[in-house]
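Please open the model in your viewer and keep the selection tool at hand. The stops below take you from one selection to the next.

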Amino acid sequence: MTMNFDQRRRQVFLGEAYYKREIRDLDLLIADFATQPAGSGDTELEGWMISWRNIASMHLQALSLAYTAGDPIEPLRWRLERAVAAQERHGEFLWKPNESRNEPVLEFDVLDSYVDLMQLIGLCFLLHRRDLLPRIAALQDGDNGALGGSDTLYEEFMAFGMGPDTRYESDWLCHKRIYEPLFHGLTETTPEKGLRTLDLFLKHWYRNLAGTTWHDSHKPDEAGNQGGYFGYWSFEAGAAVILLGIEDDSSLHKYLYYPKDLVAWSRQHAELSAQSADKAAALGLRAREREPCPRSGFWHSPALMNSRRHFQAGELMPSLGGDYGVTIWQWDENQEP
């Protein structure tokens, strides 16, 4: 039986008309920002940095909005990769003036930025895209690990995904009041203890994030307009449930922002995390314009919507033109024609 929108949506604040308008506008804005530097920058380079920072944020917003609307979960794996790729482009412009990567793309000490970082990492685990974690680490760790150990919760999550031997020691938690229960939950010795601590984290999650720009965005303004609401989700808490091996998470379902459907999907598709090393490597394949295509198949560029094309191995990757810099092509996870 086909469900209507109100039956399918995962949070009651989202209306169908609002969803259709916002998902359309996000796609249009992403395309627009990719063609020109933001006018708010002092230089053209800074304008491009701001444009790609906005694009990266909008990709994450579109993913959250799609999940909130009750859309199928499988395509979110592709949306997540696009969000990470846009952050990589953001980083290229951020680091260029000083020719150094020693500035995190997602700032640890800025709450909104830190929340986005935790959400991206949580989604990597829930959507079985651990292959994206080294790419996130490259955005945050600096040259030769110069920024390693900037935050202990970040290091704990990355140690789960990349192995403890690859990570850095840290005893500093940037947003302690909010995230300390989550950190303790990840380090508990039994799933039962972890579950109790995660319950404490979720109990105060939304209230503690009152300082973010999106908090209470579901409420209309004085003119009756609603804007900036894409769903409230603690994807990082869902990831912790998976990582701790908690089998019965029903006690967390009372929290509107606990992504129970995504946690259930993640459990049902655990085989995706056991994909072969060859496939994991393929998902991370990238090629610059005028470089030979490393593998025959479908590729896309985050610099342009609807750029998906088929290339033969050895074929020179083309430039998409425009003023946004060198075209980067990425292997498309979906290799169906």
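Begin by selecting F298 and H310, for H310 in strand 3 is the bridge partner of F298. Before going further, note that this is a predicted model, in which local features need pLDDT of at least 70 and side-chain atom pairs count only at pLDDT 80 or more, while totals for chains, interfaces and linings use all residues. Residues are numbered from 1 along each chain as its sequence is written, and side-chain values use heavy atoms, with hydrogens and water left out.

Now show strand 2 (residues 297-300) and strand 3 (residues 309-311), which run antiparallel and are joined by three bridges; strands here are DSSP runs of E with at least two residues, helices are runs of H or I with at least four, both numbered from the N terminus, and two strands pair if DSSP finds at least two bridges between them. Add strand 4 (residues 328-331), which pairs with strand 2 in the antiparallel sense over two bridges, and find W299 opposite W331.

Return to F298 and add R308, which lies over the face of the F298 ring at 4.0 Å from its centre (a charge sits over a ring if NZ of Lys or CZ of Arg is within 6 Å of the ring centre and within 35 degrees of the ring normal).

Next, move to helix 7 (residues 152-162), where the buried residues are T152, L153, Y154, E155, F157, M158 and A159; buried means under 20% relative accessible area, with a 1.4 Å probe and protein chains only. Their cover includes helix 5 (111-126), helix 6 (133-140), helix 8 and helix 10 (235-243). At the N-terminal end of helix 7, D151 acts as a cap, with a side-chain oxygen 3.1 Å from the backbone nitrogen of L153, and just after the helix G163 takes a positive phi of about 100 degrees.

Then select Y179 and F201, both of which are buried. Their rings form a tilted aromatic pair, 5.8 Å centre to centre with 40 degrees between the planes (Phe, Tyr and Trp rings, the six-membered one for Trp, pair if their centres lie within 6.5 Å; planes under 30 degrees apart count as stacked, over 60 as edge-to-face and the rest as tilted). Y179 lies in helix 8 (residues 176-186) and F201 in helix 9 (residues 191-208), so the pair ties together parts that are 22 residues apart in sequence.

Finally, select L262, which, leaving aside its neighbours within four places in sequence, is in contact (heavy atoms within 4.5 Å) with Y67, I73, L123, L126, L127 and F235.

Conventions. Buried means under 20% relative accessible area, exposed over 50%, partly exposed in between (1.4 Å probe, protein chains only). A polar contact is a pair of N or O atoms within 3.5 Å; within protein, one must be able to donate a hydrogen and the other to accept it, and residues adjacent in sequence count only if both atoms are side-chain atoms.
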